[in-house]
Amino acid sequence: MFSRTFASNVGNKQQNIRSISTSMQTKFYEGQSVERYMDGAASGRTEELSLLLKGGVNIDMKNEKGWTALMFAARNGQIPTIKLLMENGCDVNLMNATGQTAVDIATFWNHKEAADLITKQLKDSRVEDNKQFVNYFGHSTLDRAAEKRKNTKWLKNTMENENTTFICFHGNSALVVPNTDTSLPKSVKFCLYHVQYSNIAKHLNTDPLVIFLGHEYNNEEKAWFAVDISSISKSVYTSWDKDLELLAAYPGGMMLRKEDASLLAQARALFAWHERYQFCATCGSPTVVEECGYKRRCQDKECKSQKGVHNTSYPRVDPVVIMLVESQDGKSCLLGRQKRFPHGMWSCLAGFVEPGETIEDACRREVFEESGIKVGYVEYHSCQPWPNPSQLMIGCLGRATSSKIQVSSILQTIVKQVDYEELEDAQWFSRETILQMLARQHKEKLFVPPEQAIAHTLIKHWVKMTNANL
Ligand SMILES: NC(=O)c1ccc[n+]([C@@H]2O[C@H](COP(=O)([O-])OP(=O)(O)OC[C@H]3O[C@@H](n4cnc5c(N)ncnc54)[C@H](O)[C@@H]3O)[C@@H](O)[C@H]2O)c1
Ligand SMILES: [Mg+2]
Ligand SMILES: [Mg+2]
Ligand SMILES: [Mg+2]
Ligand SMILES: [Zn+2]
């Protein structure tokens, strides 16, 4: 039903096949030339390969065993050749006749650097190929390197390393400096303050909460940590830099560069978890931090949580569905207003996923609870870590099968008792009205959430999907 959506979201896989048009280039298909191309890759003759690629060779051509040039380069750990092929857009996902990818081959032959390099591209290309939308707070550039979290020696050395960067948190807020880089979008008002541990250690508690965020891909030397500085007063941190200030993770986190925002989302969720889960959920004993911020272990050795793996010991992520619901005729979409929203703002309906519930059913239930509208087909669009404190917003598109809105239909009786309403209103909006709201040109000053919110992404996607001129 939503084939239009898929076409602009996940269905547009680029084929990346280069055609060879001239007769000279056509000759290249002859057996000898295939061999020369493959051999060039295996031997790392980058200049020759570069010329062949400029001549229009099919970069992903396979030999009779299904091997590509990238696979040959991976087989021999030819780093410059691998880089060249990837820069020229080779397909890193291909498999040979026995089902191995270039990463499998590099790993098998112990070429770790080559395997890491291709893996990184693989991740990027999945995003690129699928044209998958990455929302604000989701632009992490770090390898979380979970295996390092238990390696106390590596952690200690790395924390002290001068290439390592710390970001600082004080309760719910991050330490920031005003942005002075005018090349960044206007919405970027602040930058996370970056500091080395040695510069702040003397001001910290004896054992501050430190969280390992990860290191840069293929570079263990460039590691990132977050540290709790709540024991430090304003007069101390402003002595490091007079422009330093505390920025509340939400909504302040919307005023950062996208890379900073993803670091903030990761660190904020973890700090909030540590603050709220100081005691064991199973027996009530105090807990201690392990795995550089990624685990809390109960101090009672007899506690059930010590036996086996228990999710009470690990950080929380709360799944929330958020959906753009399209009317039966496809001409309007359903938005709602919560009381706490700024005047004039309308957004997608959203709600926490409940235990034992599918994403699709959660969308249908929440929309029905909040608006009385029934939803049939649901599909996934994109997601967003939401640091308020640790939701994962699962963005979906849904098609309504009814049209009569009844706000908080199911909750209405309860609502009266507890004086709480999920939504103060829900309405259908035409595409034209949505366009005016997106452009902030609506005559009654109605508008939708800012582009940092996944609600904005979904609304804009619906407008594009319905061929409006955006
Ligand atoms: N990024 C965005 O564009 C965007 C848009 C809308 C909502 N959100 C976020 O989504 C979240 C959920 O949306 P909602 O408030 O409409 O949900 P909802 O409709 O499920 O209603 C919230 C109520 O659900 C209950 N609840 C169930 N599980 C909960 C849990 N794990 N934590 C807290 N409360 C829980 C509480 O009673 C709460 O008051 C909100 O926290 C909001 O910040 C983000
Ligand atoms: Mg709800
Ligand atoms: Mg809701
Ligand atoms: Mg709910
Ligand atoms: Zn316990």
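## A tour of salt bridges and one helix pair

Start by selecting Glu354, Glu357, Arg365, Glu366 and Glu369: salt bridges link these residues into a network. Keep in mind as you go that this is a predicted model.

Stay there and zoom in on one pair. Glutamate 354 and arginine 365 join through their side chains in a salt bridge, 3.7 Å from N to O. The two partners are 11 residues apart and link distant parts of the chain: glutamate 354 sits in the loop between strand 12 (349-352) and helix 14 (359-371), while arginine 365 belongs to helix 14 itself. Now switch on a surface. Which of the two is buried, and which is partly exposed? Arginine 365 is the buried one, with a relative accessible area of 18%; it counts as buried because that value is under the 20% cut-off. Glutamate 354 is partly exposed, at 43%.

Next, select helix 8, residues 112-129, and pick out aspartate 116 and lysine 112. They lie 4 residues apart, about one turn of the helix, and their side chains form a salt bridge at 2.8 Å, N to O. Lysine 112 is exposed, with a relative accessible area of 59%, whereas aspartate 116 is partly exposed at 26%.

Then jump to lysine 258 and glutamate 259. What do you find between them? Another salt bridge, with the closest N and O atoms 3.6 Å apart. Both ends are partly exposed: lysine 258 has a relative accessible area of 39%, and glutamate 259 has 28%. If you'd like to keep hunting, the structure holds 19 salt bridges.

For the last stop, leave the charged pairs and show helix 4 (residues 46-54) together with helix 6 (residues 79-87). Their axes are 10 Å apart, and the helices pack at an angle of about 15°. Angles under 35 degrees count as roughly parallel, so that is the label for helix 4 and helix 6. Turn the view to look at how they cross: helix 4 passes helix 6 in a right-handed crossing.

Now show side chains at the contact. From helix 4, select Thr46, Leu49, Ser50 and Leu53; from helix 6, select Pro80, Thr81, Leu84 and Leu85, which they meet. How many charged residues does this contact have? None: by class there are 5 nonpolar and 3 polar residues.

Note on methods:
Residues are numbered from 1 along each chain as its sequence is written. Chains are lettered from A and ligands numbered from 1 in the order in which they are written. This is a predicted model: local features need pLDDT of at least 70, side-chain atom pairs count only at pLDDT 80 or more; totals for chains, interfaces and linings use all residues. Side-chain values use heavy atoms; hydrogens and water are left out. Axes are lines fitted to C-alpha atoms, for helices over the stretch in contact, and angles run from 0 to 180 degrees between N-to-C directions. Helices (H or I, at least four residues) and strands (E, at least two) are DSSP runs, numbered from the N terminus. Angles under 35 degrees count as roughly parallel, over 145 as roughly antiparallel, 65 to 115 as roughly perpendicular and the rest as oblique. A crossing is left-handed if the near helix is turned anticlockwise from the far one by less than a right angle, and right-handed if clockwise. Contact means heavy atoms within 4.5 Å. Ala, Val, Leu, Ile, Met, Phe, Trp, Tyr, Cys and Pro count as nonpolar, Asp, Glu, Lys and Arg as charged, and the others, Gly among them, as polar. A salt bridge is a side-chain nitrogen of Lys or Arg within 4 Å of a carboxyl oxygen of Asp or Glu. Buried means under 20% relative accessible area, exposed over 50%, partly exposed in between (1.4 Å probe, protein chains only).
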